[in-house]
2 protein chains.
Amino acid sequence: MTPSSARLPRTAVIREVGLRDGLQSIATILTTEQKREWIRAAHAAGQREIEVGSFVPARLLPQLADTAELVPLAKTLPGLFVSVLVPNLRGAESAIAAQADLMIVPLSASHTHSLANLRKTPDEVVTEVARIRAARDAAGSKTLIEGGVGTAFGCTLQGHVETSEVLRLMQALLDAGADRVSIADTVGYADPGMVRDLFEEAVRIAGDRFWCGHFHDTRGLGLANVYAALEVGVSRFDACLAGIGGCPHAPGASGNVSTEDLAYMLGSMGIATGIDIDRLLALREQVAQWLQGETLHGSLWQAGLPKTFGRAVASL
Amino acid sequence: MTPSSARLPRTAVIREVGLRDGLQSIATILTTEQKREWIRAAHAAGQREIEVGSFVPARLLPQLADTAELVPLAKTLPGLFVSVLVPNLRGAESAIAAQADLMIVPLSASHTHSLANLRKTPDEVVTEVARIRAARDAAGSKTLIEGGVGTAFGCTLQGHVETSEVLRLMQALLDAGADRVSIADTVGYADPGMVRDLFEEAVRIAGDRFWCGHFHDTRGLGLANVYAALEVGVSRFDACLAGIGGCPHAPGASGNVSTEDLAYMLGSMGIATGIDIDRLLALREQVAQWLQGETLHGSLWQAGLPKTFGRAVASL
């Protein structure tokens, strides 16, 4: 008999977002050289997708002011797929100029959160994506556009967000020219039942264009939510080394899913990520040094890998 | 279309094991009066199954020396199902005398861990369960016997444990007269894929006699593992308030799944537990006071309930 878990994806990608979602929500500002070292070491540990920063005005997020310098460095690393976040057309023009592989345009399905965080309604963001698509095509650029639907499970300002609204906005992003779409639980409100139901619908609508799940571990359900998404065929997840991250407009929303715990869960299940966990844990130690005084998260770094880890992979 | 999550159980039971698995692995010794207060408050918060202690010699676990006093107190609380752990026939005789509703006999599927922790082979534990069954029946007692198969996903001493051995021992426990069987990830080695595969088989073999899943959150996968077990129909889980607990013979195996985070996950998914989470969090605060200096776990107490929590339940 084939066990149920055999229906899970055989491979998965962890997109490192610690350099963007992580750093933007903590006080410490890393130097460009430290970020370079982080990117190089993450690549050496086998990570192949990294969100290196955000093209927002430096006065808003001084932590990410060096994004334009980081993209070219990251692009020199063989096989590395380089993403950046862009809040608007202006940011997209910078991403196109820097030749990023992908630019993520965040949209908040909560109208209240959208106005507070992006100063636009969700539908205004959809319109902006259409402009970005036109600019990208006019420039003959290959930079992919990802529309990321955030606060998809509710938010701390508005409370409930309708599933139908999340799916409507996701479809609107595709119609406006997004090459990829993603769903984010920006404030850690999702449970695995919600994830399974919403992601099943999202994958049905977007097919291969459904790109990524983004979970915060605010209430401890981050990895359970990843598992629920895996079960409906999603195989790319955002994560932050040491679980740093959050949302400045969502009090208490600290901590993305931690890269190292996620890499362990996937590896344990025999889902190939290409990541060398020992190297990743060494990098975590380095980054923790740089971020002294900040609250870090994750469990694996304390407990270590199980004695049995890698057994399934080794016996393939 | 019915969403996938609708196939999950409608109700679930969280068995509080903080007073046994939690307290036995930390240095602080609570007074009998503190434990009484804990049991009373847990009952008032809606918990209906509590493992109040263990009938082991007081010199081995002074933290649990007052178990014989706690059972009668707990039995006075309306609707409370009172469990105790018993390592052998002698402990079982005490549980029968105290009129506990259920006694859990731990068996370790790892032979090495079994010898180190219980000083018996797994099959010797099976034989002991047969003796306990005979004694229970001879006494005309109604105390149920639960055989708990621990280190079911491997252990820190032996490493790998064969699934076939776990299932063989579970069947042997049933054959020896156990009324219920359970599976425990004693050292936090399980991932949701493993849980789904093993629990699916276990439920197929034991049917309604499969009683409980017991997960440690050592590497952050505790709640993901609970979710995987829910998906194959298991609906009773051990948990410790504030995530205290571990295994004295498994270094690094700190922290059971935390009761409050689990109650939140189940409640969020619309799975009724009867637990009032605000009361549970108040109790956590009290227990945290008593356990000052001990490492506690869990996320919900920091982040609080989502603004949207209870919406699904309220709208039923």
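This report walks through the fold of one chain, the way two copies meet, and the core inside them.

The model is predicted: local features need pLDDT of at least 70, side-chain atom pairs count only at pLDDT 80 or more, and totals for chains, interfaces and linings use all residues. Residues are numbered from 1 along each chain as its sequence is written, while chains are lettered from A and ligands numbered from 1 in the order in which they are written.

Let's begin with chain A. Its secondary structure comes to 13 helices and 8 strands, where helices (H or I, at least four residues) and strands (E, at least two) are DSSP runs numbered from the N terminus. The C-alpha atoms of chain A fill a box of roughly 50 × 45 × 40 Å along the principal axes. A compact globule of 316 residues would have a radius of gyration near 20 Å, and the 18 Å of chain A agrees with this; the radius is taken over C-alpha atoms, and the globule rule is 2.2 Å times the number of residues to the power 0.38. Of the 316 residues in chain A, 59% are buried, meaning that 20 or more other C-beta atoms, placed from the backbone, lie within 10 Å of the residue's own.

Over in chain B, two strand pairs share S8(B); strands pair if DSSP finds at least two bridges between them.

| Pair in chain B | Sense and bridges | Residues opposite |
|---|---|---|
| S1 (13–16) and S8 (236–239) | parallel, 4 bridges | Arg15(B) and Asp238(B) |
| S7 (210–215) and S8 | parallel, 2 bridges | Gly213(B) and Phe237(B) |

How do the two chains relate? A rotation of 180° with 0.0 Å of shift along its axis superposes chain B on chain A, with an RMSD of 0.0 Å; the fit is by least squares on C-alpha atoms of residues with pLDDT of at least 70 in both copies. That is the relation of a two-fold axis. In chain B, the C-alpha nearest the axis belongs to Ala224(B), 1.9 Å away.

Each chain brings 39 residues to the contact, counted where C-beta atoms, placed from the backbone, lie within 7 Å. On the side of chain B that touches chain A, H8(B) gives the largest share, 5 residues. The copies meet through the same surface, because 100% of the interface residues of chain B are also interface residues in chain A.

Finally, the largest nonpolar core has 208 residues, of which Leu173(A) and Leu173(B) touch the most other members. Such a core is a set of buried Ala, Val, Leu, Ile, Met, Phe, Trp, Tyr and Cys residues joined through C-beta atoms within 7 Å. Among the residues that Leu173(A) touches are Leu107(A), Val126(A) and Val181(A).

Conventions
A residue is buried if 20 or more other C-beta atoms lie within 10 Å of its own, exposed if 12 or fewer, and partly exposed in between; C-beta atoms are placed from the backbone. Two residues are in contact if their C-beta atoms, placed from the backbone, lie within 7 Å. Lists of a residue's contacts leave out its neighbours within four places in sequence.
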